[in-house]
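Q: Please take a close look at one part of this model, namely how a helix packs against its neighbour, and then set that part in the context of the rest of the chain.

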Amino acid sequence: MAELRPIGPAFVVAGPSGVAVRDRLKHLTPADEQVLRLVGVHLGALASADLKARCADGLGHCAGSWAARKRELTVQSSARWAGAITKASHDQWALARRGQADHIRDLEAAIATITRRLSQPVGKKGARKEPGGYRSAQEWFAKSRRLGVLQDRLQRRRAEQQAGRVRVVRGGKRLARARHRLEAAGLTQAEWRQRWEAERWFLAADGESGKRYGNETIRITPDGQASIKLPAPLAHHANAAHGRYVLACRVAFAHRGTEWRDRIEANRAVAYRIHLDVQRGRWYITASWQIPAAPAAPMSAALAHGVIGVDTNADHLAAWRLDTHGNPIGNPRRFTYDLNGTAEHRDAQVRHALTRLLHWAGACGVNAIAIEDLDFTADKTREKHGRRKRFRQLISGMPTSRLRARLTSMADQSGIAIIAADPAYTSKWGAQHWQQPLTTTKRTTTRHDAAAVAIGRRAQGHPIRRRTAPPPVHRSDEQGHRTAQAGPEPRGREGTRPRIPGPRTRSVPPGRGENAGDQNAQHRSERSAEHTQLMLSP
C-alpha cells in the first residue's frame, strides 16, 4: 500500500498589511493632461537612468552609492521625487533577484526530472511518486538534447546570480515582446508606442507622516483637491505657489473613503500613483497606505458557527456550508468566473465571485471560510507532466495566489476569518465518502461539491471519512459500521424508564399488570411443574 504524505494542520490566514484604493481623475483640462504627460516623461527618463545605475552596481551597492544617485536626481527633480525614484529602482532590482532565484530553482528541478527519466529504460512505466522512462527512443533523444540546453542555461543564470546581474525591462517584458508581433497582439505601431511610453512614465510619490495631508509631492486635500509638486525643470508650468500645479478635477475615493479621509486629516503617510489607461483614455490615481496587521482570530472562535468549505477550480468556486459537527447544511453553491481575456477582466471576475461568496457567508451567519492552501509552483513545468499540456494549462490558469490575496483582503472588512487547509486527498476522499450519500433525486452532487465538504471538515479538525471503524467483537455490534454522523430524526434525551402504574415486570407488556404476580400466566416455556400437571389432568 502506498504511503500517504503527511497532512499539515489548518491555520487562520493573517489579515492584510496594506490598503490600496483607486479613483478616476475626471474632468481634466487639456492643460492638466499636458502637464501630467510632461512630468511623467521627465521623471520616467530619470527612473530609467537610475535603474540602469542600480543594476550596474550589482552586489556592490551600498548606502553611499544610493546617496550619490539621490543627489544627482535631486538637481533635476526634487529631494522627494529623487527619494521615490531611487526606492523604486531598489525594489525593482530586489524583485528581479527573487525572480532570478525562482528561475534557477525551476531549472534545477527540470534537470533533475529529465536526468532521472533518462536513466530509466525506454518504455518503463512509472510508479506513483517516481516517473518512468520515456515512451520511445526518439523522445529519449530529444530530451537528452533538451537536458544539455537546460544545463547550459542554468550555468549562465548561476553566473549572473553570483555577479549580481539581473534582467529588468521598464514597461514590462510582455509589452516589449509584443512589438515584434503586433498583429497577434491586435495593436498598431502607434497604439503600441502609446502604451509603451505610458508604462515607462513615473508618477508615484511615497507618503510621509507628519507632513501636510501625509504627502508633500502629490497632495490631496479632504475636499478632493489634487496638486503636484513639479520638478525643477518644469516649475514654469506651476499655477499655484511653491511650484505646485493644481488639477481641475476632484478626487473622491468611494471605497474606504472615510478611512482615507481620517488618515490624511491626521497627517499620516499616504502614497499616491497616477497612471493613464491608454486603451480607455482615462487617468486614474491610486492611494495606498499601511495598516497594522490584525491578530488572527482563534480557531475555536472562527468555527463557533460552522464553516463554509470552498474548492477552487479553473472556472468556478464550489462551496458548501457545514455546521459545527461537520454535517453539510442545505444545498451546495457554485460561483463561476471566466479567466479568459485581459488581466483587468480576470481580476474583475475573481472579485465578483468572491463578493458573492462573502455575501452568502454573511447571510448564513458563518464566521469562517475554509480554502485550500494550494501551491502549483512545482507542478507547472512541462518536465513533470510531459505531454499533458491541457493539464498544465489547467493548473496554470487557476488563480490560487490572486484569489487567496483577494479573499483575505475582502474578508477582513466583513469580519470573516479565512482558514487554509491542506489540500492533500480532499478531492479523492471527498468523492469517496461524500459524493454518493449527498446525491438525491433532486440534487446532483459533483466531485467538486464533495471536495468542498472535505475541505471544511479538515478545517474543523474532523476526519473526512464518514464512518468510524467497527467496534471490538463481543463488546457491541459484531458486524457493520457505526456512523459518526447524527441521523435526520430530532435528537432525544437519555433518561430513566417511564413508570407505568400497577404491578408489572419488564417482560410484561403494558395493559397486563393484573397478571404480574402470577408467573404461570406469562407466555413462556419455563412454567412450574404443578401448573403443567394441573393443565394435563382431566
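**A helix pair and its setting**

A: The protein has a mean pLDDT of 83, with 80% of its residues at 70 or more. The model is a predicted one, and residues 522-538 should be read with that in mind: pLDDT stays under 50 there, and the model gives this stretch 11 contacts beyond four places in sequence. The protein comprises 16 helices and 13 strands. Of its 538 residues, 37% are buried. Among contacts with a separation of 6 or more, 65% join residues 24 or more positions apart.

The part chosen for the close look is the pair formed by helix H14 (residues 426-435) and helix H15 (residues 447-460), whose axes come within 7 Å and cross at roughly 105°. Because angles of 65 to 115 degrees count as roughly perpendicular, H14 is roughly perpendicular to H15. On the H14 side, the contact is made by Thr 426, Ser 427, Lys 428, Trp 429, Gly 430, Ala 431, Trp 434 and Gln 435. H15 contributes Arg 447, Ala 450, Ala 451, Val 453, Ala 454, Ile 455, Arg 457 and Arg 458. Sorted by class, the residues in this contact are eight nonpolar, four polar and four charged.

Trp 429, one of the H14 residues in that contact, also links the pair to the beginning of the chain. Beyond its neighbours within four places in sequence, Leu 4 is in contact with Tyr 425 and Trp 429. Leu 4 lies in the segment before strand E1 (11-12), and 421 residues along the chain separate Leu 4 from Tyr 425, yet their C-alpha atoms are 9.2 Å apart. Leu 4 itself is partly exposed, with a relative accessible area of 39%.

Elsewhere in the chain, the largest nonpolar core has 43 residues. Those with the most contacts inside this core are Leu 25, Phe 253, Trp 260, Tyr 272, Ile 274, Trp 283 and Ile 285. Helix H1 (residues 30-57) gives the most to the core, with six residues. Ile 274 shows how such a residue is surrounded: leaving out residues up to four places away in sequence, Ile 274 touches Leu 25, Leu 36, Leu 203, Ile 218, Ile 228, Trp 283, Tyr 284 and Ile 285. A second, separate core of 25 residues includes Ala 319, Leu 339, Ala 353 and Leu 357.

Tyr 284 is touched by Ile 274 and is also in contact with Asp 277, which, apart from neighbours within four places in sequence, contacts Arg 282 as well. Asp 277 is found in strand E7 (residues 271-277) and is partly exposed at 24% relative accessibility. The C-alpha atoms of Asp 277 and Ala 198 are 8.2 Å apart, although 79 residues separate the two in sequence.

Two further residues merit inspection for their backbone. His 27, in the loop between strand E2 (18-24) and H1, is not a glycine but has a positive phi of about 60°. Arg 256, in the loop between strand E6 (244-250) and helix H8 (257-265), likewise has a positive phi, near 60°, in a residue other than glycine. Their surroundings are described by opposite terms: His 27 is exposed, with a relative accessible area of 71%, whereas Arg 256 counts as buried at 13% relative accessibility.

Technical notes: Residues numbered from 1 in each chain as written. Predicted model: local features only at pLDDT ≥ 70, side-chain atom pairs only at ≥ 80, totals over all residues. Heavy atoms only, no water. pLDDT = per-residue confidence, 0-100. Contact = heavy atoms within 4.5 Å. Axes fitted to C-alpha atoms, helices over the stretch in contact; angles between N-to-C directions. Helix = DSSP H or I, 4+ residues; strand = E, 2+ residues; numbered from the N terminus. Parallel < 35°, antiparallel > 145°, perpendicular 65-115°, else oblique. Nonpolar A, V, L, I, M, F, W, Y, C, P; charged D, E, K, R; others polar. Core = buried A, V, L, I, M, F, W, Y, C linked by side-chain atoms within 4.5 Å. Buried < 20%, exposed > 50% of the residue type's maximum accessible area, 1.4 Å probe, protein only.
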